[in-house]
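Reader: Got a minute to walk me through this one? I'd like the quick tour before I head back to the bench.

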Amino acid sequence: MAKAANKKPTEKSPPVKPRKAEPGDQRLGNQWWRLRAKHGRDKEYETPDLLWEEISDYFQECDDNPWVKCEAVKSGDLTGQIIKVPTARPYTLSGLCIHLGISQTAWKNYCKREDFIGVCTHAEEVVKTQKFEGAAVGAFNANIIARDLGLKDSSEVKVTKVGKDLSDETYE
């Protein structure tokens, strides 16, 4: 293939030279961050007490606003009719974070701060206890809650040949 003979050379624009600071200019090159009065953004909750107030509001909101499920009446004069049945709302850490207006990463960061450890631990224990107790009395689906809490039944089966442990042998 032949190269195009009519190709015009491309003109490059001259390199842009960085402006130097004028005398008295407070800019520090690319170190603008040094001019800030403070670094990082403000915490959503400055004290553990403020955080606990909002956590308590979340728990109260869950209690005051149960889920409503529709069920058919199974006997009596209203047999076959659909009625609305209020159902307990489980507390969740993701729901708590949404209520608080923070991410789950921010929650974990609060839990690492020495002054917030007690509040965070207590809130997590309340969430786990409410889920477990709700599952135990049948208010919540026990299988879902058990998986969420990391609870499981496990059993180990060990195969042996008369007098010989077979766990190290290979089978084809």
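Author: Sure, let's go through the fold, the core, the surface and the charged pairs. Just keep in mind that this is a predicted model.

Reader: Okay, how many helices and strands does the chain have?

Author: There are five helices and four strands. Going along the sequence, the order is α-β-β-α-α-α-α-β-β.

Reader: And what share of the contacts is between residues 24 or more positions apart?

Author: That share is 46%, counted among contacts in the chain with a separation of 6 or more.

Reader: Now the inside. How many residues are in the largest nonpolar core?

Author: It has 18 residues, and L51, I55, L100, I102 and W107 have the most contacts inside it. Helix 1 (48–64), helix 2 (93–100), helix 3 (104–112) and helix 4 (117–136) each put in at least two residues.

Reader: Which helix gives the largest share of this core?

Author: Helix 1, with five residues. As a general point, nonpolar side chains tend to be buried together in soluble globular proteins.

Reader: Tell me about that Trp. What does W107 touch?

Author: Leaving out residues up to four places away in sequence, W107 touches L51, I55, L93, L96, C97, L100, I102, C120, A123 and E124. L51, I55, L100 and I102 also sit with W107 on the list of core residues with the most contacts.

Reader: Switching to the surface: what percentage of the chain's residues is buried?

Author: Buried residues are 17% of the 172 in the chain. The chain exposes about 14800 Å², and 53% of that comes from carbon and sulfur atoms.

Reader: What about charges? How many salt bridges does the structure hold?

Author: Two. One joins the side chains of E71 and K69, at 3.2 Å from N to O. The other is between R113 and D115, where the closest N and O atoms are 3.5 Å apart. In general, side chains of opposite charge can pair when their charged atoms come close.

Reader: Take E71 and K69: why do they count as partly exposed?

Author: Partly exposed runs between 20% and 50% relative accessible area. E71 is at 29% and K69 is at 41%, so both residues land in that range.

Reader: And what are the relative accessible areas for R113 and D115?

Author: R113 has 26% and D115 has 44%. Both residues are therefore partly exposed too.

Methods: Residues are numbered from 1 along each chain as its sequence is written. This is a predicted model: local features need pLDDT of at least 70, side-chain atom pairs count only at pLDDT 80 or more; totals for chains, interfaces and linings use all residues. Side-chain values use heavy atoms; hydrogens and water are left out. A salt bridge is a side-chain nitrogen of Lys or Arg within 4 Å of a carboxyl oxygen of Asp or Glu. Buried means under 20% relative accessible area, exposed over 50%, partly exposed in between (1.4 Å probe, protein chains only). Contact means heavy atoms within 4.5 Å. Accessible areas come from the Shrake-Rupley method with a 1.4 Å probe; for residues, only the protein chains shown count as cover. A nonpolar core is a set of buried Ala, Val, Leu, Ile, Met, Phe, Trp, Tyr and Cys residues joined through side-chain atoms within 4.5 Å.
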